[in-house]
Amino acid sequence: MTIYFDDLETRDAQTRQLAQLAGLKSQIDRVAGSDASWLAGGVVAELDDLSRLPVLRKSDLGRMQAEVPPFGGIPVSHISHVFQSPGPIYEPGGNAPDWWRFGRFLHACGIGPADTVQNCFAYHLTPAGTMFENGAAAVGARVIPAGTGQTEQQVMAAHALGATAYAGTPDYLKVILEKADEMGVALKITKAAVSGGALFPQLRQYYADRGITCLQCYATADLGLIAYEAAVDDGMILDEHVIVEIVTPGTGDPVAPGEVGEVVVTTLNPDYPLIRFATGDLSAVLPGTSTTGRTNARIKGWMGRADQTTKIKGMFVRPEQVAALVTATGADRARVIADRQGDADTMAIQLEGLDLDTEAASKAVTDILKLRGTVTLHAPGTLPRDGLVIEDRRSYDT
């Protein structure tokens, strides 16, 4: 029988939606009374109204923080740490129980009071090490704050202290295990909670062959836990304290269920209210629910980057411009394709929709993209639903 982290994991859909709506309204109220301006006039009466609010992107957050340091005027409370990501972007952190909500993921990995976790995430400036340590405390596990590097020392510490679980990037555990083999040292690690990189099937199988169950989560420095695995090949279950939307890249418009789009997250953490924060990552919602009995929606996990900004003929073409092109032409969707003819770049624009005008569309392309390209019109439902609005087919190998 599955033992859940809490009762939130098995809520019915209506109960979850009502709780999310109440949390969302509280977050909007917090931001509305602050110096953060991106949500000016934002009002929601139901969850579907969320898509009407503006999207907050990392570039926006960086600009806001430069204007109103250190957090851009967003009302931040009860924090104990400040971290820095490239940009620079500054993220607050708290030491309240399970502040980043990683306890839910570690519990799903089977980690608990009997475990000692070798935490190989970085502790310097980045929040990853602290996130997992905070989560380990929530499930009662002990932590070896190992950080990164010094593999021989990692092996000796894991052996001497009896580490039973690993937290870190997917590939570094293999480095530790191979070093242990080389040193002739036996380790007791049987559980791995990983993030921050690709967990390829062959790598997961390598761990399984050594008696290690390896599960992954999807999280960011700004938002904390977004989604997590509770079983292999069962998708990633959304965390109970975030609202996740999948939108067309460059816009805030939700895609149809199952289509690939950009992950936009609203966190219900009252200490740092981020509403419609664009992660820049692509994913898609899976149908149904987890085989583990957890009832929240699932996503496929990381499927690439949504920021498909591409330089064509010396000019940058951005997803936001493609979204503006859709609006200007009245199309349902658009796809810009960059290619090469000889040594020269070419650009083709595919527009999907009814009653479109090629001549008017060509003019809109020149006005908005500042480039000339070949426009073709396509029937509704015929362009790929893979999350790409800018496709780069150029190869520089030949």
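Two strands are said to pair if DSSP finds at least two bridges between them, and the strands themselves (E, at least two residues) are, like the helices (H or I, at least four residues), DSSP runs numbered from the N terminus. The model on your screen is predicted, so local features need pLDDT of at least 70 and side-chain atom pairs count only at pLDDT 80 or more, while totals for chains, interfaces and linings use all residues. Residues are numbered from 1 along each chain as its sequence is written, and side-chain values use heavy atoms, with hydrogens and water left out.

**First stop: an open sheet**

Select strand S17, residues 333-341, together with S20, and you will find the two paired in the parallel sense over three bridges, with Ile337 standing opposite Glu391 in S20. Widen the selection to the whole open sheet, in which four strands follow the order S19-S18-S17-S20 with mixed pairing. Its edges are strand S19 (374-378) and strand S20 (390-392), each of which pairs on one side only. Neighbouring strands of this sheet are turned by 20° against each other on average, direction ignored; here axes are lines fitted to C-alpha atoms, for helices over the stretch in contact, and angles run from 0 to 180 degrees between N-to-C directions.

Now add helix H8, residues 319-329, which lies across S17, strand S18 (344-352) and S20 and runs at about 125° to S17. Contact means heavy atoms within 4.5 Å.

**Second stop: strands S5, S6 and S7**

Move to strand S6, residues 191-194, where Lys191 and Ala193 point one way, Ala192 and Val194 point the other way, and all are buried, that is, under 20% relative accessible area, where exposed means over 50% and partly exposed lies in between (1.4 Å probe, protein chains only). In a regular strand the side chains alternate between the two faces of the sheet.

Strand S5 (residues 165-168) runs parallel to S6 and is joined to S6 by four bridges, with Ala192 as the bridge partner of Tyr166. Follow the chain from S5 through helix H6 (residues 172-183) to S6, and you trace a right-handed β-α-β crossover; right-handed means that, with the strands pointing away from the viewer, the path from the first strand over the helix to the second runs clockwise.

S6 also pairs in the parallel sense with strand S7 (residues 213-220), over four bridges, and Leu215 in S7 is the bridge partner of Ala193. The chain crosses from S6 to S7 through helix H7 (residues 201-209), and this β-α-β crossover is right-handed as well.

**Third stop: the surroundings of Phe105**

Select Phe105 next; leaving aside neighbours within four places in sequence, its contacts include Phe132, Ala193, Val194, Leu215 and Tyr228.

**Last stop: residues in loops**

Which peptide bond should you inspect at Pro70? The bond from Pro69 to Pro70 is cis, with omega near -5°, and Pro70 has its place in the loop between helix H2 (58-67) and strand S1 (81-85). The bond from Gly87 to Pro88 is also cis, with omega near -10°, and Pro88 lies in the loop between S1 and strand S2 (89-93).

Finally, select Arg101, which has a positive phi of about 70° although it is not a glycine, and which lies in the loop between S2 and helix H3 (102-108). Is Arg101 buried or exposed? Arg101 is buried, with a relative accessible area of 6%.
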